[in-house]
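Reader: I'm new to this structure and would like a close look at one part of it. Could you pick a single helix and walk me through what surrounds it?

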Amino acid sequence: MAGAQPAAAHGRPSDQDLILHNGSIHTMNRRHDVVRAIAIRDGRIAYTGNSLGAALRAVPEHPRVVDLRGRVAIPGIIDNHNHIVLMGNRPGRHTPLENAYSVADVQQTYRARAKGVPAGEFVTTIGGFHFNQFREVRLPTLAELDAALPKHPAYVSVGFSGPSATNSLGKAFFEAAGVVVGADGAIAGGTQTGRATLALRQTLTPELRRRGARDAMAYALSVGVTTHLDQGAFQATGTPSDGAAHEDNYTMHLPFLELYDQGLAPVRLRINYLHMDTDAGLPTLEQRLRNTFPFFGDDMVRTGGIGEFIAGGLGPNWLEAAKRVARAGWRAEVHSLSATDFRTEIEGFEAVNAEVSIEDLRWVVAHVPFITEDYVDRLKAIGGGLSLTGWRYLAGTGTTAGPPFRMIVDNGIHAGMSSDGMQIAPMNPFIHAYYAVTGRNALGAVVNDGQQITRRELLDLYTRDNTWFLGKADEDQLGVLEEDRLGDVVVLDRDYFRVPEDEIRQVRSVLTVVGGAIVHETGKVR
C-alpha cells in the first residue's frame, strides 16, 4: 500500500497529529459547510475552519501539515453493506477489474498487478465486475491473457458462478483438476467455474488469506472507503456448487481479526452474521444469539447484527427467526431483489413489531430495486431503513432497474448507500455514484430514468446518512468532519462535484486518512 503508515496495537492506525489545509473540505454536516482546513489530534478532529493558524493552535505538537493545493476532501466513505471479508479470502492475487473499460484495460491492470509477484502465482479476479463494462462486451481470451501474463496463470470469473476465462498456464492447472477449458480459455458458468474456483480455494493457507485481507483493505482505501459493514457469506460446502459468495462463516473473519490484533488493519470493519437455517429449531441462529455480543469491540473492529439473511427462505421459519432476533435486541438486515419479496419482509417486520418493538433496533431491507412507496412508508413507521446499491449498473436493463433513489431520498426514511461488492457489484463508490446520478448502466444505457439523485445527495448517503446503519456507538463518531469525531478523511484526485458525469467513475483517493493516520497516498499530495 503506497505510503501506508505503520499501525499501532489493537488494529488501530497509529495516532498522528495531522493538518490538512488549503483545500475544499466538504464536512457533509447538515449545512453542507465547506472549509479550508482541518486538524486531527490523537485520532479525532480538533478543528475545522478556514484558518491555518487556528488549526496549528489546535494541534501544537509538531503535526504533519499537508497542503491540499485546492483539492476536494470529504469524510471517509462508509459502505453499509458489502463483502470485504469474502474479498479478502479470495484465492490468488485478487485484482479488482471494476475500473477497467476494455480488454486492453484488463491487460494493463494485470501487467501492473504482476509486478513483484513471483512467477507461477495466480493473478485472479473473482466477481465485482461484468464484461458489459468492457468495450468488447466479452471476457478476454486465452491469447489476450497470455500477452498480459506470460509468467503467471490467470483466472477471471464473473459474478457468483461465471462464466470465466484463463490463460495457457491457468488452463494447464485447471485441466489437471478436471475442469473443462476451451481452446480460447473459456470456462463455462456453473459447475465448471465451480470446479475451477474450488481448485484455487484449495491452495489457500492462513498466510495467503492474511495477505488477501491486507490487499482488500488497501484497495478499499484507494477508492476512499474507510468503514465497511460486512454481510457475511453463504456457508461453504467444499464442493463445486460453492460460488464466489461462499465461505466458512465461522473462520472467514480470522485473517482480518489476526491483522487487527497485530495492529496491521487500517480500515474500520463492522461484522454482520449471516444465517440460513432451514431447521425449525434455528440451531445456528440460536447459538449466535446466545453466545455473541452485538456491537462489541472498538472503533476499528466491532460486531454488528444478523444479516443479510436471518434464515433460509421467507416462510414461517424466517418469521420465527425474526422474532428471536427481536427478543434478543439485535439489529436485523434482510435483502430484497424481486418485485414482491420486500412486501413479505416488511409485513413480517410489522408482525414482529406487534409482539416485540423493533422501532429502536434499526432493522433494514437492502438493495430494494423494486420497492414501492407505500411499503417504504410502512417500514418507516416502525423505525426501519433502506440500504441502497447501484448493483444493477453492471447488468441492469429496461427503464426501471432501480432502486428508486429519487423516491426514497424524497420520502425521508433512513436510507444509506452501499456497494454490495465484491460478487455481483463493484466496491468502488464512485461507480455507484455514477449510476445513481445518471441512471446509466455499464453499457451507457439509461436504465433507471426518473430516479436520479444529485451528487451531494449521493455523498450524503455514503457518509453522514450511513452512520445510522452502524449503530449508536458509531452514529456520532463517523461520517461528518466536525470536532470530536473520528478523523477519517479522503482527498480526491479531482472535483467530484464538478467533473463531467462520465468522469465520476474515474474519481480516486490521492490521500486517505483513518483516525489521523495516513493509510493511503499516491504521492500527488505533498
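**A helix and its surroundings**

Author: Let's begin at the end of a helix: α10 is followed by glycine 329, which has a positive phi, near 80 degrees. Keep in mind that this is a predicted model.

Now step back into the helix itself. α10 covers residues 316-327, so to speak a run of 12 residues by the definition used here. From the first C-alpha to the last, α10 reaches 17 Å, close to the 16 Å expected at 1.5 Å a residue.

Which residues of α10 are buried? They are Asn317, Trp318, Ala321, Ala322, Lys323, Arg324, Val325 and Ala326. As for what covers these buried residues of α10, the list includes the helices α9 (283-291) and α11 (341-355), along with the strands β16 (301-306) and β17 (333-336).

One residue to follow from here is tryptophan 363. Setting aside its neighbours within four places in sequence, tryptophan 363 is in contact with Ala322, Val325 and Ala326, among others. Those three also appear among the buried residues of α10. Other contacts of tryptophan 363 include Trp330, Arg331, Ala332, Phe349, Val352, Ile358 and Trp468, and two glycines, Gly384 and Gly385, are on the list as well.

Tryptophan 363 also belongs to the largest nonpolar core, which has 95 residues. Along with Phe349, Ile371, Leu386, Leu388, Ile408 and Tyr496, Trp363 is one of those that touch the most other members. Helix α15 (residues 429-438) gives this core its largest share, 7 residues. Apart from this core lies another, of 18 residues, with Ile25, Val66, Ala73 and Leu481 among them.

For a contrast with all that burial, try threonine 399, in the loop between α13 (392-395) and α14 (405-411). Threonine 399 counts as exposed because its relative accessibility is 52%. Leaving out neighbours within four places in sequence, threonine 399 is in contact with Val447, Asn448 and Asp449. Its C-alpha is separated by 33 Å from that of methionine 276, and the two are 123 residues apart along the chain.

Last, a pair of helices elsewhere: α7 (residues 206-222) and α8 (residues 254-261) pack at about 75 degrees, with axes 8 Å apart. That angle is why α7 and α8 are roughly perpendicular to each other. On the α7 side, Arg209, Arg210, Ala213, Arg214 and Met217 meet Pro255, Phe256, Glu258 and Leu259 of α8. By type, the residues of this contact are 5 nonpolar, 4 charged and no polar.

Technical notes: Residues numbered from 1 in each chain as written. Predicted model: local features only at pLDDT ≥ 70, side-chain atom pairs only at ≥ 80, totals over all residues. Heavy atoms only, no water. Axes fitted to C-alpha atoms, helices over the stretch in contact; angles between N-to-C directions. Helix = DSSP H or I, 4+ residues; strand = E, 2+ residues; numbered from the N terminus. Parallel < 35°, antiparallel > 145°, perpendicular 65-115°, else oblique. Contact = heavy atoms within 4.5 Å. Nonpolar A, V, L, I, M, F, W, Y, C, P; charged D, E, K, R; others polar. Core = buried A, V, L, I, M, F, W, Y, C linked by side-chain atoms within 4.5 Å. Buried < 20%, exposed > 50% of the residue type's maximum accessible area, 1.4 Å probe, protein only. Expected span 1.5 Å × (residues − 1).
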